Every structure is written in structure tokens, then in C-alpha cells.
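Trainee: I would like to take a close look at a single part of this model. Could you walk me through one helix, its two faces and what lies around it?

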Amino acid sequence: MSDRWEAAAEAQIRTAQERGEFDNLPGAGKPLPGRGTPYDESWWIKSFLEREKLPSDLLLPTPLLLRRRIERVPDEVRDLPTEAAVRAYVADLNREVVAWLRNPTGPQVVVRPANADEVVAGWRADRERAHAEAVAAARSAPGPQHGPRRRWQWPWRA
């Protein structure tokens, strides 16, 4: 049974070659990509992440991912509009940290919840600094150049 199937597949390949369906394929005559490099077991994961433009953080175990997210909190909350939004972001992150602490998986790494008051204080300081820089830039920038104001007259007055 397998010999007949194999012979049928070979016959289809041979007829496709005769019709020229394998001519001018992309990559024809080029070396295989990755040839000569050491074997990497996770080559397909890396190529998938690169092809789909996904961050490599997705491969980290949960505790390391949580620690990285806690380190990036100031950058993440910088553009949030209100203090309540900042506190909500920190509360969501802390919920994930507490859930992991209750049922830890992966490597045992110290992960502590973020302090919402410290994050809010940093957020306020960043906003005040940005506002002060904007005011200073506005003061140092030259204002609009207006010529001398003409007095407007009614058309029937001369």
C-alpha cells in the first residue's frame, strides 16, 4: 500500500517538473538560511517572534515578566491623564503580582507589589517637570509678529 502511494507521489512530482512548475521558485540557487550556524532548539520561536514583530518578553517566566513590568511602571503611567487612572493601573498590576504570590509557578524570584503612592508621586513630579519645561519653552519662544495696528474706519467716513 505504501509503495503504491509513494510511486503515485513520485509520479506527480515528475510530471510537475516536466511542466516546469518548479522553475524560478523564490530562493532557487541560494544557500539555505542558517546553514553553518550552530543548532538552536528554539529557532522556530525566535523566527516567529521576529516575523510577527512580537516582544521577546513573552518568553519570560511569570515572575520575571512581573518584575520587568514593575520596573517599567513609571514609563507606562507617564501618559495617563489622571491620578485615578495611575492608581487603577498599579492596582491591576498588583492584583497579578498577588495572584502569582498565592500560587507561584516558574523560578522562585522575589516579586513585590508596586507602591501606588510612590508611583503617583513620581507621576506628579514628571507632569510638573513637563509643565515647567513647556512654560519655559513658551516664554523663550518669540511671539507672533504683528505689524502696527491700523485703525479701522467706516467706509462712508473719509
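Mentor: Let us take helix H5, keeping in mind that the model is predicted. Ala-85 is found in this helix, and with a relative accessible area of 24% Ala-85 counts as partly exposed, because the cut-off for buried is under 20%. Across the chain, the C-alpha atom of Ala-85 is separated by 9.9 Å from that of Val-120, a residue 35 places away in sequence.

H5 as a whole has 20 residues and reaches 28 Å from its first C-alpha to its last, close to the 28 Å expected at 1.5 Å a residue. Its buried residues are Val-86, Val-90, Leu-93, Asn-94, Val-97 and Trp-100, and they lie on the same side of H5 because they cover an arc of only 110 degrees around the axis. An α-helix has 3.6 residues a turn, so residues three or four places apart point the same way. The face of H5 turned away from that buried side carries the exposed residues Ala-84, Arg-95 and Arg-102, while what covers the buried residues includes helix H3 (62-71), helix H4 (73-77) and helix H6 (116-140).

Within the buried set, Asn-94 deserves a separate word. Asn-94, in H5 (residues 83-102), counts as buried because its relative accessibility is 16%. Leaving aside residues up to four places away in sequence, Asn-94 touches Pro-113 and Ala-114, and the side chain of Asn-94 reaches the backbone nitrogen of Ala-114 at 2.7 Å.

Technical notes
Residues numbered from 1 in each chain as written. Predicted model: local features only at pLDDT ≥ 70, side-chain atom pairs only at ≥ 80, totals over all residues. Heavy atoms only, no water. Helix = DSSP H or I, 4+ residues; strand = E, 2+ residues; numbered from the N terminus. Buried < 20%, exposed > 50% of the residue type's maximum accessible area, 1.4 Å probe, protein only. Polar contact = N/O pair within 3.5 Å; in protein donor to acceptor, adjacent residues only side chain to side chain. Contact = heavy atoms within 4.5 Å. Expected span 1.5 Å × (residues − 1). Arc of directions from axis to C-beta.
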